[in-house]
6 protein chains.
Amino acid sequence: MSRIDGRTPQQLRPVTIERGWSKHAEGSVLVSFGDTKVLCNASVTEGVPRWRKGSGEGWVTAEYAMLPRATNTRGDRESVKGRIGGRTHEISRLIGRSLRAVIDYKALGENTIVLDCDVLQADGGTRTAAITGAYVALADAITWAQTTKKLIKPSRKPLTGTVSAISVGIVDGTPLLDLRYEEDVRADTDMNVVCTGDGRFVEVQGTAEAEPFDRDELNALLDLAAGGCAELADLQRKALDAALER
Amino acid sequence: MSRIDGRTPQQLRPVTIERGWSKHAEGSVLVSFGDTKVLCNASVTEGVPRWRKGSGEGWVTAEYAMLPRATNTRGDRESVKGRIGGRTHEISRLIGRSLRAVIDYKALGENTIVLDCDVLQADGGTRTAAITGAYVALADAITWAQTTKKLIKPSRKPLTGTVSAISVGIVDGTPLLDLRYEEDVRADTDMNVVCTGDGRFVEVQGTAEAEPFDRDELNALLDLAAGGCAELADLQRKALDAALER
Amino acid sequence: MSRIDGRTPQQLRPVTIERGWSKHAEGSVLVSFGDTKVLCNASVTEGVPRWRKGSGEGWVTAEYAMLPRATNTRGDRESVKGRIGGRTHEISRLIGRSLRAVIDYKALGENTIVLDCDVLQADGGTRTAAITGAYVALADAITWAQTTKKLIKPSRKPLTGTVSAISVGIVDGTPLLDLRYEEDVRADTDMNVVCTGDGRFVEVQGTAEAEPFDRDELNALLDLAAGGCAELADLQRKALDAALER
Amino acid sequence: MSRIDGRTPQQLRPVTIERGWSKHAEGSVLVSFGDTKVLCNASVTEGVPRWRKGSGEGWVTAEYAMLPRATNTRGDRESVKGRIGGRTHEISRLIGRSLRAVIDYKALGENTIVLDCDVLQADGGTRTAAITGAYVALADAITWAQTTKKLIKPSRKPLTGTVSAISVGIVDGTPLLDLRYEEDVRADTDMNVVCTGDGRFVEVQGTAEAEPFDRDELNALLDLAAGGCAELADLQRKALDAALER
Amino acid sequence: MSRIDGRTPQQLRPVTIERGWSKHAEGSVLVSFGDTKVLCNASVTEGVPRWRKGSGEGWVTAEYAMLPRATNTRGDRESVKGRIGGRTHEISRLIGRSLRAVIDYKALGENTIVLDCDVLQADGGTRTAAITGAYVALADAITWAQTTKKLIKPSRKPLTGTVSAISVGIVDGTPLLDLRYEEDVRADTDMNVVCTGDGRFVEVQGTAEAEPFDRDELNALLDLAAGGCAELADLQRKALDAALER
Amino acid sequence: MSRIDGRTPQQLRPVTIERGWSKHAEGSVLVSFGDTKVLCNASVTEGVPRWRKGSGEGWVTAEYAMLPRATNTRGDRESVKGRIGGRTHEISRLIGRSLRAVIDYKALGENTIVLDCDVLQADGGTRTAAITGAYVALADAITWAQTTKKLIKPSRKPLTGTVSAISVGIVDGTPLLDLRYEEDVRADTDMNVVCTGDGRFVEVQGTAEAEPFDRDELNALLDLAAGGCAELADLQRKALDAALER
């Protein structure tokens, strides 16, 4: 089977990770998985939400959103509708949990980091691109808090690992890595997998869109995803190795 | 390791499925998994949402909610807050998708069934109890639509299978089936699995609450869940075999 | 005239008051007036709303709601609509005022009790069943606060009396006690009366649904209601006399 | 006992009913009960709400609100808070029901009349002033619809009677008519009574603010209210007898 | 060209400024520009919003709204819609900014004055009438705060000048002052101008409703507006020169 | 006086207009005025809002928003707050009006174009950059509707001119063109001017932030703005002269 864009089933789309995109945010990454482009801005503030005060521990959270015309047909703004939709809520929570899986709250100290992941252009895999890019923005924001602003002692290690995410799915009976939108809508099963850099799982969310899937199919998808996440972890590492001018 | 309530790791809590609980709903099930009690009411209406009109196909959707004092400390009402929380959205969507996985829209015809799953008392596993009970309410509602109201031809089979759900998790290194609240809060990994009666997967949602999990742990959890779902499918069948007085 | 269910005009429906229904709430009562079933949960918390701090006085309030399919046709959830309807507001306020009529705020101390009255199944008289059941849940919650949690000195008497409520109405020219839904929609005049155990009035809310009513009709309705409330006060007493296992 | 403003217990405050206050509304009345001033505008539109279409019957509804500084201390705007409070809901519904009690829907035809009752200055009794003034605005709007706009045949009688309302209460043991704000806050019992011009009751809403009330007190209050409503009916008649320039 | 009401192009409508309209507000003005009537109530409270605490400086803000039937056809209430419209927001902000232009925050001390401008009847120019009336209410409120309540030292001068506003527009090629509604809807260009008593500009908001306007037209409009504002400043002065009974 | 970035008082920041930024929108422009970056997406749909149906005329509207971290400190999302702020409302309306000033509704036919202007990075002048970029996106969307989709006959000219906008202000007594954020906060007077390509005015919005301004200052600002708009009109023309690959 040949894919729309000529990729092999286990091949990622071209991935770019552009650090320092915005001049205001403490960490700012424009990540692209093919035509999917997500701006991930990390904002650091001293202090924590009320329920955590005095604990000596920090907090990391995320908000995901799509520009109204990020997709092929325009969607109404959630601010205009006056309420956030279920899908937005769900993805914001997923990104937050994924990043918190590699955070040592004690080492972070009573500081809060908010990750804003705004989809500028969508073509499938926006939540996995958001997690992958947000990790890099988070890392930059922590470095800023340790060096520029001295909110965290440089000797501490608030990050206990790295985290990246990828989508996989079964299209016409074939398990595929990193689905574009056109593949995604045709998939029988759709799975998003979040892994740490050492190959363990943070989130596994598989959904039968049409036909229920069996254990063998699940295993094939997990194999594909593990490979994709490892590649992404490598790209994150390379991106972070470069110097960041501020 | 011995569990709080003396169960073995692979043992379900006592499960009851009480059909015909409310006199108003076309399908009405009070399901309990131990102390977790969820009232699942199915409402059938002729017609479908606007975006589906003229398609000849039906629709099934779900709304999940908790009574404010279903939990140990009182939660604010979402109606009073004026907005639905992310968790509520997420679970409502999960229940809807799970039920739609066993629906033949064509056979259902242009009819809509809404499943209201209201948690009267919570002790872990509310979403899995909701899915398991909602399936039975859905089956009763379809029978009603075929026999009492003649909305669907009796020869059609709108249900293509059965669906049930269970939670599993790793607590102190041991994979456990059907977590109670006290186990749930201590779990390193928490997974909700939705299966069809023939043992295939509809949803797999695993989350590392503390430590990321590896492939072996994932496999152990999937084994446990598959067993639990099979038992629940059996209990659903038995419940539905009994006559229902209206 | 014979009523749908064979009752005499001055006869209550079968009333049950089940204490300790939920394991979480400090007071929990499932009350039924015939097919009307309301779950009344009392939640005690130390402290009072901001506007009452430092007064040495407590507070009691109530929230009423209906499950979407408590009625014959499904109603939209107020949480989904994003706003509470006028009827819900009105009844919540009525329940709160009724209970506060028998509360000695000083004796309660700076503690707050919230009564959640959720209608699980509706067949007329939901607000009067809610008040009648909520009183019993309130009494249990106060006992809990005095004995289990020691929030209130056992020597104090935060309850100055008992309170119960009943609906009355004129149907086809005949005054009837405790209307079922089918009677309620046909009533010319509809009245809800809240009484203390010593036979005085806390609330009298009479509404001409079709024809205005004269003073004689009003008097007949008040007589009926006073009798019904006295019977309910007796049932409340009997329910509270039994031991409650926690 | 002498009242703050020197009235006898059974005496109304000075009442004025100014018709044609606004040039836009089909009926427009500025009513004052002493310092309480309410602007009652009636808007007539052809057609009825969707649920009533094709019935040949009309509809009358009301919306009550207070200007933020109608009271002694400024209240937040409900439009700014984004939600309507329980008290506002309750009073809007009361006004609507009261007016509908004297409407013949068939004679009204498929037309809708909305009564906007906006409190410009409050000093107790705003809801009863609103009902009393709204009735006059309603009568003017119906005349307009019959004469100016020909929406209703002049031979029909959409009004089956007149309606007015007054508050009564027990202050320091004495039943008083038409409470000012300072009396209202000190009242043990507070009752709002809506009567037709022929002396029958449309609404009786009595509330024990402090002490429950007995049947004798209730009777004394009803007597006072009946007298007050009769006086108001007379004032309404006189106001409507005058010619209205448009 | 002759105007609907016979005015010359540079003539204001009859303007009235009635002080002390409401007995509750610290400053209360009913202003009318012809048939446009706006009630402007000023509320003084000790203290400032959180973001200004400890600054030693006060705050002045405004809220504008229209009664639903202030206009020729009834508009839905913003409180019922649950959100404030763009036009309301825009005008509230304009009034607030205009008044703050003549406030010395230091002299005001840590006190807040809120101006509620509620349009009772609209016939064009509601925002300019609101600003003109609100200034007088503000002046009265400051006097109250200095004399009656002693919140501000009498020696201080919180007002650095006076402020008034007028609308101008080009109708059928002729620049006109103080447009009525019927003129406003036919205007090619519509401009609102806010001036201080010494003839300088606080706000200039010109909008081409149909045809863009050139520099000459702009100049003609500014000339007209300056003249109108000067007349209004004079009327404000006269109104404030009279004694105000409280 | 020398400006922070070395510009002369009458010099624009570097302006870039990047067409075809997003692959989904019918017109898509990333405009930058120095560090201010706004993504302007134009969405064309057949049909018009209900109130315009059957008129044969089209509609153009705009929505403006800022990403939460477009600014130096993070702002809360309006979708999360559940309401749109006054500033957002105001600017959305301004952009819509400005574009409609150069639209011939008849020539557009019953089609709707929505301009989404999302600020990705803010450094002063976001509304003027948005108008300037949105015009170009609008032009591209109209071309698409005439050529690719044939919604509008190619012979028609829905655009009657071009429109651009610039901010001007008085800082330390000197009138400056195109203020950066740091200049904007220090400005005594702030004015936004929208002009057509032939040098006429569409909107003039001047605000005294600190000191009221006199007629001479107003004239100096208008001169500056007219020059800036002319330069921008030129840049728009050049941008649109280039071929656009789709």
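Here are some questions and answers on a predicted model, covering one chain contact and one pocket.

Local features need pLDDT of at least 70 and side-chain atom pairs pLDDT 80 or more, while totals for chains, interfaces and linings use all residues. Residues are numbered from 1 along each chain as written, chains are lettered from A and ligands numbered from 1 in written order, and side-chain values use heavy atoms, without hydrogens and water.

User: How much area do chain A and chain F bury between them?
Analyst: Happy to help! Buried area is the accessible area (1.4 Å probe) that two parts lose on being put together, summed over both. On the chain A side, A:H24, A:R69 and A:R77 lose the most, together 24% of what that side buries. Of the whole, 49% is on carbon and sulfur atoms, and the total is about 3000 Å².

User: How many salt bridges are there between chain A and chain F?
Analyst: A salt bridge puts a side-chain nitrogen of Lys or Arg within 4 Å of a carboxyl oxygen of Asp or Glu. A:D123 and F:K23 form one at 3.6 Å, N to O. The count between these chains is 16.

User: What is the volume of the second largest pocket?
Analyst: On a 1 Å grid over the protein atoms alone, a pocket is an open set of points where a 1.4 Å probe fits, with protein on both sides within 12 Å along at least five of seven lines; lining residues have an atom within 4 Å of a point. Among the 33 lining residues, E:R87, E:R127, E:D184, E:D190 and F:R93 are closest to the centre. The volume, the space filled by probe spheres set on points joined across faces, edges and corners, is about 1100 Å³.
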